[in-house]
Amino acid sequence: MTERRTLYPIVEPYESGHMDVGDGHSIYYERVGTPGAKPAVFLHGGPGGGIGPSHRGQWNPEKYDVLLFEQRGCGRSTPFASLENNTTQDLIADIEKLRTHCGHDKWQVFGGSWGSTLSLAYAEAHPDRATEIILRGIFFGEDYEYGWLFKYGASEIYPDEFDRFLSVLPPEGRDDPITAFHHILTGDDEAKKLEAARAWSRWEAVTVTLLPNEDVMAHMQDADQAIAMARIENHYMRHHCFLEEGQILRDVHKIRHIPGVIVQGRHDSCTPPRSAWELKKAWPEVDLQIIPDGSHNYAEPGILDGLIRATDRFADR
């Protein structure tokens, strides 16, 4: 068997800072790699996630010039955990502002989980700006995906954890957890808000790894991480990610000319392979790789191997 690839050496940003994108939002960004090399942009998951040093290692730093940023309300971006003026369309506009700031005409678009949704929405809005699209854990933001996560699907695999997730809600709210969590996460009771945020983030942490991962669990139970993830993710899900039902697949014809790779875990309990398969059927040219021992998290060996091989494939293109 061919040895699986691992992260490139983690390099320090050669530029970092905040960009005022309007609407009261300031976006934190980093640029890593070699200035003037092949441009790429990294779109993190969530919504409500962020970036960390290990994310930088998914590209050869000698061949790429990568921009990583934290989306509105996330991480070091301000205002923290803000839901105001925070939509998919706002984020697409931010990506374009960042591209202009970097001086790139086009760049590789790379995103996983919610980042795959945003990557597809961005590329479909600006198909002339993407040289390639690399995706992991496909999510469209459609009703059947919310049903899988919050009604009947992941709950059958993790029934104990799903009961724990629902336990912070009043009994009358458990049939519609997205709405019930919204009321708590936007309320005035700070203790209840943190309890709900940690429950929401724990449920996600459980579903994103093939085997229990204490590092992932600890990261997502951190108070700030849990609040941002729960509030922003819930906000986007309440609004169907600010996309029309079926929009991603409807508009995929706009990007079929762009080379693409999908790395999808066979045992992904957060974003199961159905959506990746539907995208492959609508976009036959894309290289869909279903990893037999993979789940959702990018750091799992098979998933990471597929992602790094994809960036290597396009490094000299």
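**Exercise 1.** In this predicted model, is Ala81 buried or exposed? Then place Ala81 in the fold and describe its phi.

*Solution.*
- Step 1: Ala81 has a relative accessibility of 4%. The cut-off for buried is under 20%. Ala81 therefore counts as buried.
- Step 2: Locate the residue. Ala81 sits in the loop between β4 and α1.
- Step 3: Check the backbone. Phi of Ala81 is positive, about 60°, although the residue is not a glycine.

**Exercise 2.** Describe Cys241 by the same steps: burial, location and phi.

*Solution.*
- Step 1: The relative accessible area of Cys241 is 0%, so the residue is buried.
- Step 2: Cys241 belongs to the loop between α9 (223-238) and α10 (247-250).
- Step 3: Its phi is near 60°, a positive value in a residue other than glycine.

**Exercise 3.** How many disulfides does a search of the whole structure find? Work through Cys102 and Cys270.

*Solution.*
- Step 1: The search finds 0 disulfides.
- Step 2: Apply the cut-off. Paired sulfur atoms must lie within 2.5 Å.
- Step 3: For Cys102, the closest cysteine sulfur is in Cys74, 18 Å away, so the gap is too far for a bond.
- Step 4: Cys270 is in no disulfide either; the sulfur of Cys241, the nearest, is 12 Å away.
- Step 5: Add burial. Cys102 is buried at 11%, and Cys270 is buried at 7% relative accessibility.

**Exercise 4.** Which residues does a cis peptide bond join to Pro47 and to Pro79? Where do these prolines lie?

*Solution.*
- Step 1: Gly46 precedes Pro47 through a cis bond, with omega about -5°.
- Step 2: Pro47 falls in the loop between β3 (38-43) and β4 (64-70).
- Step 3: Thr78 is joined to Pro79 by a cis bond, omega about -5°.
- Step 4: Pro79 lies in the loop between β4 and α1 (88-102).

How values were computed:
Residues numbered from 1 in each chain as written. Predicted model: local features only at pLDDT ≥ 70, side-chain atom pairs only at ≥ 80, totals over all residues. Heavy atoms only, no water. Buried < 20%, exposed > 50% of the residue type's maximum accessible area, 1.4 Å probe, protein only. Helix = DSSP H or I, 4+ residues; strand = E, 2+ residues; numbered from the N terminus.
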